[in-house]
Amino acid sequence: MRRQDAENIITEYLKPIFGFALKRCKSTQDAEDLSQEIVLKAYRALLAKDDVGDAGKFIWTIAHNALCNYYRDSAASMIGVPIDDFAEILADPDAQQDPDGNAETITRLQREIAYLSKLQRKIVIMYYFENRKQADIASELGIPVGTVKWHLFEAKKELKRGMDTMRKTSELKFHPIKFDGYGINGSVGSRNPDEFFRSSLPQNICYCVRNAAKTVNEIADDLGVSPVYVETEVDVLEEYGFLVKQKDKYLINFCIVEPTAEQLTMQNDMYKQAAELFANDLFDELTCSKILDDERIFCNYTQPDSTKDHPKRDKNFLLWSLIPYIAAWSGEDLIDKSISFDEVATIRPDGGHNIFHASVISDDMVLPEDYVHMKNWCGPMWNEYGGKVLWQIDSEWSNRGDYKGFFVYADDAKRVLSLYDHERENLLTKEDYAWLSERGYIKTWGDYDGCFKTAWKIVVLTDKDVQRELLAIGERIKLKYREQFDALKAPYAKAVIDSVPAHLQKIKQFELQYVFHSDGWFLLHCIVTLLNNGKLKLPTEEQRKALTTMIIPS
């Protein structure tokens, strides 16, 4: 609409709009503010439209919507007013002009509306705040008019009960927790946990119900927030298996570890002693034998003093992959598997089938100077395709740029394996080579359309025989120290189980089965042990992208 036409319409309705507002607002000042808001919204809307047939109907629709917002935001007081008069007060704006009012009362009343059920809350807002007829509400919600009347009656009783209740918040309202970290055991699915735990609210909801099931309203009271926000979050958390519903209450379905300094020190000492036994023996046996020179273990990284005629494979780079791989997968027959993965894992709607866990660590916790912190650690991760597995760990020593993490890994693994097989037979496309090179998996020389050479930089076990030989070395060492490992693990396992709520102890018992095996903490301590005693050297900058990445037989 032309500006002049819009201005003419607004000028015509200035007085009627102010009269409309003055009659319905509790003060002249509010009427002036409301009328200005209506005029501004109407003017902008007219400029944006070319087909306004009935200007009056258009203006009054905007005025009515603005008035509904005014009623919702109004801080009018209702001290001394019986809850049974609630309907009359909200239906008649003039009745809200109580000179002895107290804004705190209506604020409390509005808060209590949030504690109603979804349906009752919707009906109350439509009826009292939007001035909708009961028949219209029934039609829109698809329920009988009698049901609408019953919910309005019940809502008034609930509001009265809430107004008479002194709600108590927990410590979480003033000192909310924050996940120190989280991990996943199993297939990840298509949705990153960051999508669910992007803010402190879902984290604190789960923390609130870690020991006992609670209703939405009880959670809201503990956190000091509106139940409306809690209600939305718990629906999603339950749908994806992070919470389970028990009648009208919710209970956490994953472990939130909240260790003390004593527990973390015990954990650190246990892994440190186990890694010193295992990692040193493994390093010595691998380097003293001829297996690192075996052509069935393939990698194109060579030592700096190599020549074209006398290439020397970079054994340090090989060990960065072989040591954590053997530590993780050797000794399968030594593992107590009395609890299966399927017994404790959760199947999620995004295709994930996993065990999720998180940790909460106090900011003022004092740990020993030699405590080994897990920095940027992810894995071990593995994915199978075409008879091969891509096995990988991401750590503080690797440098994968924007490609870090098990979610990107899961997407990329099959592509890497497919390209590896295809490249052995034919040249790949320029785009495929660029993709592999960017991730550090391959190096290229020369012009793609001319003299072109490539070299894979990751470690490849070319057959199952060499794989079995490597794992057999690790199994012999684990068998040698089995009694020491069991003695180290026993007090730690007891402390962990005692700190976990009863309904989650089976999950933790399953995870404890894999201590000193496919256990990130054990692998980390093995690496740190060998770095500290100088046996393992830091990787070069070029090697970091492909570090601890292997292709192995499935």
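Bends, cores and a sheet in a predicted model

Colleague: At which residue does H1 bend?
Modeller: This is a predicted model. In it, H1 bends by about 45 degrees, and a proline, Pro16, follows within four residues of the bend. The bend is at Leu14.

Colleague: How far does H1 reach from its first C-alpha to its last?
Modeller: Helix H1 covers residues 3–24, which is 22 residues. At 1.5 Å a residue, 32 Å is expected, and the model comes close to that. The reach is 30 Å.

Colleague: Which residues of H1 are buried?
Modeller: Buried here means under 20% relative accessible area. The residues of H1 that count as buried are Ala6, Ile9, Ile10, Tyr13, Ile17, Phe20 and Ala21.

Colleague: Which helix gives the largest share of the largest nonpolar core?
Modeller: That core has 76 residues, and those with the most contacts inside it are Leu286, Ile297, Leu322, Leu461 and Phe522. The largest share of the core is 10 residues, and these come from residues 315–329, helix H13.

Colleague: What does Leu322 contact, leaving aside its neighbours within four places in sequence?
Modeller: Leu322 is among the residues with the most contacts inside the core. Two of its partners, Ile297 and Leu461, are also on that list. In full, the partners of Leu322 are Leu292, Ile297, Leu461, Leu470 and Met550.

Colleague: In what order do the five strands of the open sheet lie?
Modeller: The pairing in this sheet is mixed. Strand S5 (297–298) and strand S8 (378–385) each pair on one side only, as edge strands. The order is S5-S12-S13-S9-S8.

Colleague: What angle does the direction of H13 make with that of S9?
Modeller: H13 packs on the sheet and touches S5, S8, S9, S12 and S13. Its direction makes an angle with that of S9 of about 100 degrees.

Colleague: Which residue in S9 stands opposite Cys378?
Modeller: S8 and strand S9 (residues 388–394) run antiparallel and are joined by six bridges. Opposite Cys378 stands Asp394.

Colleague: Is Asn316 buried or exposed?
Modeller: Asn316 is found in helix H13. Not counting residues up to four places away in sequence, it touches Lys535, Leu536, Lys537 and Leu538. Because its relative accessibility is 16%, Asn316 counts as buried.

Colleague: What distance separates the C-alpha atoms of Ile177 and Cys208?
Modeller: Ile177 lies in the loop between helix H8 (145–163) and strand S1 (181–187). At 11% relative accessibility, Ile177 counts as buried. Ile177 and Cys208 are 31 residues apart along the chain, and their C-alpha atoms are separated by 9.7 Å.

Technical notes:
Residues are numbered from 1 along each chain as its sequence is written. This is a predicted model: local features need pLDDT of at least 70, side-chain atom pairs count only at pLDDT 80 or more; totals for chains, interfaces and linings use all residues. Side-chain values use heavy atoms; hydrogens and water are left out. Helices (H or I, at least four residues) and strands (E, at least two) are DSSP runs, numbered from the N terminus. The expected span of a helix is 1.5 Å times one less than its number of residues. The bend at a residue is the angle between axes fitted to the seven residues ending there and the seven starting there. Buried means under 20% relative accessible area, exposed over 50%, partly exposed in between (1.4 Å probe, protein chains only). A nonpolar core is a set of buried Ala, Val, Leu, Ile, Met, Phe, Trp, Tyr and Cys residues joined through side-chain atoms within 4.5 Å. Contact means heavy atoms within 4.5 Å. Two strands pair if DSSP finds at least two bridges between them. Axes are lines fitted to C-alpha atoms, for helices over the stretch in contact, and angles run from 0 to 180 degrees between N-to-C directions.
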